[in-house]
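Here's a quick tour for anyone meeting this structure for the first time. Have a look around, and then we'll go through it piece by piece.

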Amino acid sequence: MNEKIRQLLDQMSALEDDLRREVQEQEASALYQIKGKRVEFEAAVRQAHRKLKTGVLRWLVAYRPQNLITGPIIYSMIVPMLLLDLCVSFYQATCFPIYGITKVRRGDYIVFDRQQLGYLNFIEKFHCTYCAYGNGLIAFVSEIIGRTEEYFCPIKHARKMLGAHSRYARFLAFGDADDYEARLEKFRIGLGDAQPPKRS
């Protein structure tokens, strides 16, 4: 990767960090404060949330029937998700220390905080918890696989690819063989103090 591209990527990363901080500060100052793992709303906001909450019976009557019918299919996916979680966690726990790669923190990806929203009923909170786990798990797995790819083969594809992980932009250009082994070793050493990807 040439120096100009590296500088642009560093600038983009810094701007993303600044934007993320500003958005988070604006949201937090307007609606809530984060205290440890708790999200606290002002009393007036909590009261407004309670008034907007739909009771479970009313919610079931008003809910789209196709969503209720497909519910068992959706929730049966918990089995492969748990299996994936178990396998990838085992892989990371056993192999990352051998490779010298910093482990990925689950808590940076799998976040359960929507159950603290007072305007959601029990079923809606359950849905949110399930979706938070599924999407967080996929992001967690993507980061583990991204670090693995960076360790073994940090080379971009010749064709454009959708949904590349956060580390991909810094990979070596396809066909750029100059000093490949030395640059590969540099990637590997860098993974010893790997940082989580920049996310909003």
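A disulfide here is a pair of cysteine sulfur atoms within 2.5 Å. By that rule, this predicted model has zero disulfides. Take Cys-128: the nearest cysteine sulfur belongs to Cys-131 and is 6.8 Å away, so with a cut-off of 2.5 Å, Cys-128 is in no disulfide.

**The overall layout**

Stepping back, the protein chain has seven helices and two strands. Reading from the N terminus, the order goes α-β-β-α-α-α-α-α-α. The chain has 200 residues, and 28% of them are buried. What share of contacts between residues at least 6 apart in sequence join residues at least 24 apart? In this chain, that share is 64%.

**Helix 6 and its partner**

Helix 6 covers residues 122–152, which is 31 residues. From first C-alpha to last, helix 6 reaches 45 Å, close to the 45 Å expected at 1.5 Å a residue. At its N-terminal end sits a cap, Asn-121, with a side-chain oxygen 3.0 Å from the backbone nitrogen of Ile-123.

Helix 6 also pairs up with helix 5 (residues 78–99): the two axes come within 10 Å and cross at roughly 30°. That crossing is left-handed. Plenty of residues take part where they meet: on the helix 5 side they include Leu-82, Val-88, Tyr-91 and Phe-96, while helix 6 brings, among others, Tyr-133, Leu-137, Ile-144 and Tyr-151. It helps to remember that an α-helix has 3.6 residues a turn, so residues three or four places apart point the same way.

**Three residues to look up**

How much of each of these residues is accessible? Here are the values side by side.

| Residue | Relative accessible area | Class |
|---|---|---|
| Cys-87 | 44% | partly exposed |
| Val-39 | 14% | buried |
| His-165 | 15% | buried |

Cys-87 counts as partly exposed because its 44% falls between the 20% and 50% cut-offs. Val-39 belongs to strand 2, residues 38–41, and counts as buried because its 14% is under 20%. Its C-alpha atom is 9.3 Å from that of Arg-114, although the two residues are 75 apart along the chain.

And where is His-165 found? Look in the loop between helix 6 and helix 7 (180–190). His-165 is buried too, at 15%. Setting aside neighbours within four places in sequence, His-165 is in contact with Ser-142, Gly-146, Glu-149 and Phe-171.

Definitions and conventions
Residues numbered from 1 in each chain as written. Predicted model: local features only at pLDDT ≥ 70, side-chain atom pairs only at ≥ 80, totals over all residues. Heavy atoms only, no water. Helix = DSSP H or I, 4+ residues; strand = E, 2+ residues; numbered from the N terminus. Expected span 1.5 Å × (residues − 1). Polar contact = N/O pair within 3.5 Å; in protein donor to acceptor, adjacent residues only side chain to side chain. Buried < 20%, exposed > 50% of the residue type's maximum accessible area, 1.4 Å probe, protein only. Axes fitted to C-alpha atoms, helices over the stretch in contact; angles between N-to-C directions. Left-handed = near helix turned anticlockwise from the far one by under 90°. Contact = heavy atoms within 4.5 Å.
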